[in-house]
Amino acid sequence: MKKLMALLLTIALSASMAACSSAPASSETTEGETAQTIKIGILQQLEHGSLDSAREGFVKALADNGYVDGENIEIDYQNAQGDQSNLSTMSERFVNNKSDLVLAIATGAAQSIASKTEEIPVLFTAVTDPLDAGLVASNEAPGANITGTNDMNPIEAQIDLITEIYPETETIGIVYCSSEDNSILQANQAKAYIESAGLKWVEGTVTNSNDVQQVTQSIVTKCDAIYIPTDNAYASAMAVVAGVVEESKTPVVAGAIDMVADGGLMTLGLNYYNLGYQTGEMAVRVLEGADTATMPVESLVKYDYYFNADMVSTLGVELPEKYLEYVQ
């Protein structure tokens, strides 16, 4: 009887130890992360106000929905600083680290990560035409592991803003980076609309931000106003643009609010923080089970007027009363 009781006690003790070993004694892993930590990679093409704002909006949307960095998610933020080889290396990093979701900010970043994985859910933002960029099968049904938000501008309304505030405008200068497909697309649309309005256009193109000063100095001698699409090279050098147009007194309409804040005059444009926030809300749905293949690409719900107070003063612009509330 004693032997039987001892045997039963040994079996019970073994079962208890097995049960304990099968369940985590702590939610901590060897690296100090919780077992439930979700890995989110953020791949940003380069650094400037618009793309930074998109990233900040994305992270805030996650936090507002209970996904907090350092608590239940781990955000791995990588900035390629405009270098294609960096984009490739960083994309491979996210794949090798088995990220649960990746945010790609700007077209080059999205194309890079899309070429490295067909399994990890990818969301993009600050991409003007995802279909033209080869990222989706269609905007309505992306068809694979990638979807997100586009940053197409209300280009016609932006051109109209120039002619409304400066009705004597005859020639509009268009400046952009010739290697950015999104910029070429927007520039072509701007040209077509300018011509339909009975106006003329001239263009100046750069290969990178180092060319911005020279090209801008040249274009101001040929036009009455300047239009700049949501172009990464120009967005990163708007302070340079401001230095030129302050002397020439040339008004600048840019595609994004951050670009105007950094040196333009005015826009009816994108608030990239809001665009990033909207993308973050899409990410929440993906993390909770939504399929990127059937999630339509989204556009920003609302565009905002924005007038740069310093440039309004410097250029001596007299704005209609309806716009005064948008001067900042």
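Helix α5 passes α6 with a right-handed crossing. This is a predicted model, and we'll look at three helix pairs and then a pocket. The pocket is the largest one here, with a volume of about 560 Å³.

**α5 and α6**
- Helix α5 covers residues 155-165, and its axis comes within 10 Å of the α6 axis, with the two crossing at roughly 55 degrees.
- Oblique is the word for how α5 sits against α6, because angles of 35 to 65 degrees are neither roughly parallel nor roughly perpendicular.
- On the α5 side, the residues that touch are Ile155, Glu156, Ile159 and Asp160.
- They meet Gln186, Gln189, Ala190, Tyr193 and Ile194 of α6.
- Sort the residues of this α5–α6 contact by type and you get 5 nonpolar, 2 polar and 2 charged.

**α3 and α4**
- The axes of α3 and α4 are 9 Å apart, and the helices pack at an angle of about 45 degrees.
- That angle makes α3 oblique to α4.
- Here, too, you're looking at a right-handed crossing of α3 and α4.
- α3 brings Gln84, Leu87, Ser88, Ser91, Phe94 and Val95 to the contact, while α4 brings Gly108, Ala109, Ser112 and Ile113.
- The contact of α3 with α4 splits into 5 nonpolar and 5 polar residues, with no charged ones.

**α2 and α11**
- Helix α11 takes in residues 272-287, and it packs with α2 at an angle of about 40 degrees, their axes 6 Å apart.
- So α2 is oblique to α11.
- The crossing of α2 and α11 is right-handed.
- Plenty of names turn up in this contact: among those from α2 are Ser50, Phe58, Lys60 and Leu62, and among those from α11 are Tyr272, Tyr273, Glu281 and Leu287.
- By type, the contact of α2 with α11 has 10 nonpolar, 6 polar and 4 charged residues.

**The largest pocket**
- Its lining is made up of 32 residues.
- If you want to find the centre of the largest pocket, look for Gln45, Leu46, Ser179, Glu180 and Asn232, which lie nearest to it.
- The elements giving two or more residues to the lining are α2 (49-64), α3 (84-96), α4 (107-114), α6 (181-196) and α8 (232-235).
- Count the lining of the largest pocket by type and you find 9 nonpolar, 18 polar and 5 charged residues.

How values were computed: Residues numbered from 1 in each chain as written. Predicted model: local features only at pLDDT ≥ 70, side-chain atom pairs only at ≥ 80, totals over all residues. Heavy atoms only, no water. 1 Å grid on protein atoms, 1.4 Å probe; cavity = no way out; pocket = protein on both sides within 12 Å on 5 of 7 lines; lining within 4 Å. Points joined across faces, edges and corners; volume = space filled by probe spheres on them. Helix = DSSP H or I, 4+ residues; strand = E, 2+ residues; numbered from the N terminus. Nonpolar A, V, L, I, M, F, W, Y, C, P; charged D, E, K, R; others polar. Axes fitted to C-alpha atoms, helices over the stretch in contact; angles between N-to-C directions. Parallel < 35°, antiparallel > 145°, perpendicular 65-115°, else oblique. Left-handed = near helix turned anticlockwise from the far one by under 90°. Contact = heavy atoms within 4.5 Å.
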